[in-house]
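This briefing covers a model with the sequence and coordinates shown below. The notes after it are grouped by topic.

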Amino acid sequence: MVSMLQTLSDNLATAAERVGRRVVAIRARRRIPSSGILWRDGVVVTAQHTIQREEDIVITLSDGTDAPATLVGRDPGTDLAALRLAPTNAPPGPLDVAPLEAIRAGSLVLALGRPGAELTAALGLVSAVGEPWRTWHGGRIDRLIRLDIGIYDGFSGGPLVDAEGRVLGVNTSTLLRGAPTAIPAATVERVLGQLLEHGHVPTGYLGVGMQTVALSEQSTGLMVMSVDPAGPAGRGGVLLGDVITAIDDKAVSDPADVLAHLDAGQVGKPARLGLVRAGQSTSVTVTVGDRPIAERRRRR
Amino acid sequence: MSTADLASDVSRAADALRRVTVEIRTNRRGLGAGVVWREPRAIVTNAHVVGTHQTCAVHFADGRTEEGRVVRTNENRDLALIEVAGAGDDVEAAVRRDTTPLRAGEVVLALGHPFGMSGALAIGVVHASGERWIQADLRLAPGFSGGPLADAAGRVVGINAMVAHGLGLAVPAAAVEEFLRA
């Protein structure tokens, strides 16, 4: 009789083997290669912090063949990067992705990697599943997935897989101060779409530096401490010393309130800034811009 | 099937492994594990468990303690062969897995005597399997050295030898066979 332990073992090894065919080694840093996932035919997703050079990137596929790859783009906010390969003769077929609801605390999971020729596996648990959250680099992630699992070479950029062989997300060790976490597949799909379309994740940008100031005992606003004259706010007539009190009639009292309002969807749209200028309430309407590359680099 | 079945499978596999695992002492402090590899008398452990000692005390799972003679060591493979004169024919030898390759993600069990605790179990999965080492994602401690690494069916696949970067490293059974033939 085959024991349940053997059945579990077979299921885990089969899940590793099945998804492992899509796990690749990426040579874009010194010494040990990092892991990536062939998410679609010709498109590899990985953890962006493992990509340390943007040229001469070589990817080793599961069958051992090497292929040159180009960086499509990276998003430090969610720690994701996309690379492009020449499409293969044997497209990998659609990725078997688990829905967000299937990610539950206590689930047995495998972290797969390929820090070289061989596939590697580690076993652990989903230790907690939280709400959607924003990383300290400003990226929006659909669920906080905290893992109880060992971090070994090739952990970041590899897939998190359940016992049925479904991909739950992409692993990374840098978003939670070194603790293992996974970026859910839904977030990967969204960010990948933006990277393939724009080469980066558009982020709303006003071009002002702000500091919280008290306007009265009850209310606070954001004083404009610097203005990029060529930026959206500068062109829209925002001046140094203005105090921003609202965006689109929503009160703001912390720079984080402004960031929360400036998601990708706002780029190119008008935003009405409620101001206090020289003691008088007024407003200006600006067109939300896309954060320039230099600014994004600075925040990486 | 339930998780209770899974737990009883694990304890059954651990019991089977305990019967073929011995404790090896070279002096009052030194403690390692060993595997009854074949017949009642040939015991395999790590070279670093016996060090430079010619003899050691071998404590069997049934409670007997016999004197073991270190027949051969290979520092490079960290293996040692110990023969026990007095062990009876009722001592079981380990069941070894055939040549079916280990797959990443397969469940593996390790048995040892960490910090003097006899017959402790560790469970994890195969991280990667090479010719020189089996890398296992499980938590080992001093005292697991020389003990068995086994698959989900309780068949021995290697001898635990060390911990590196948090991974357990075991000498594959094929390398043990080669050492015994040499």
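In strand β8 of chain B, B:Val125 is the bridge partner of B:Val107. The model is predicted. The points below start from that strand, then turn to a second group of strands in chain B, the barrel of chain A, the contact between the chains and the overall make-up of chain A.

**Strand β8 of chain B and its partners**

- Strand β7 of chain B, residues 107–112, runs antiparallel to β8(B), and six bridges join the two.
- On β9(B), which spans residues 134–137, β8(B) has a further antiparallel partner, with four bridges between them.
- Within that pairing, B:Ser129 has B:Ile134 in β9(B) as its bridge partner.
- The link from β8(B) to β9(B) is a hairpin through four residues.
- Strand β8(B) covers residues 120–129 and is mostly covered, with eight of its ten residues buried.

**Strand β4 of chain B and its partners**

- Side chains alternate along β4(B), residues 55–59.
- B:Cys56 and B:Val58 point to one face and are buried, whereas B:Thr55, B:Ala57 and B:His59 point to the other face and are not buried.
- Strand β1 of chain B, residues 21–25, is joined to β4(B) by three bridges in the antiparallel sense.
- B:His59, one of the residues of β4(B) that are not buried, is the bridge partner of B:Glu23.
- Strand β5 of chain B, residues 65–74, also pairs with β4(B), again antiparallel, over five bridges.
- The buried B:Val58 stands opposite B:Glu66 in β5(B).
- A hairpin with five residues between the strands is formed by β4(B) and β5(B).
- In the turn of this hairpin, B:Gly63 has a positive phi of about 105°.

**The barrel of chain A**

- In chain A, six strands close into a barrel with antiparallel pairing, in the order β7-β8-β11-β14-β13-β12.
- Neighbouring strands of this sheet are turned against each other by 45° on average, direction ignored.
- Helix α1 of chain A, residues 4–20, packs on the sheet, and its direction makes about 40° with that of β7(A).
- The strands touched by α1(A) are β7 (108–113), β8 (120–129), β12 (159–162) and β13 of chain A.
- Within the barrel order, β13(A) and β14(A) are neighbours; β13(A) spans residues 167–176, β14(A) spans residues 179–184, and five bridges pair them in the antiparallel sense.
- A:Asn171 stands opposite A:Ala182 in β14(A).

**Contact between chains A and B**

- The contact between the chains involves 21 residues of chain A and 22 residues of chain B.
- On the side of chain A that touches chain B, α1 and β8 of chain A each supply at least two residues.
- The largest share of that side, eleven residues, comes from α1(A).
- By residue class, the side of chain A that touches chain B divides into 13 nonpolar, six polar and two charged residues.
- Helix α1(A) thus appears in two settings: it packs on the barrel sheet and supplies residues to the side that touches chain B.

**Chain A overall**

- Chain A has five helices and 22 strands.
- Of the 300 residues in chain A, 42% are buried.
- Taken along the principal axes, the C-alpha atoms of chain A fill a box of roughly 80 × 40 × 30 Å.
- Among contacts in chain A between residues at least 6 apart in sequence, those joining residues at least 24 apart make up 60%.

Conventions
Residues numbered from 1 in each chain as written. Chains lettered and ligands numbered in written order. Predicted model: local features only at pLDDT ≥ 70, side-chain atom pairs only at ≥ 80, totals over all residues. Pairing = 2+ DSSP bridges. Axes fitted to C-alpha atoms, helices over the stretch in contact; angles between N-to-C directions. Contact = placed C-beta atoms within 7 Å. Buried ≥ 20, exposed ≤ 12 C-beta atoms within 10 Å, placed from the backbone. Nonpolar A, V, L, I, M, F, W, Y, C, P; charged D, E, K, R; others polar.
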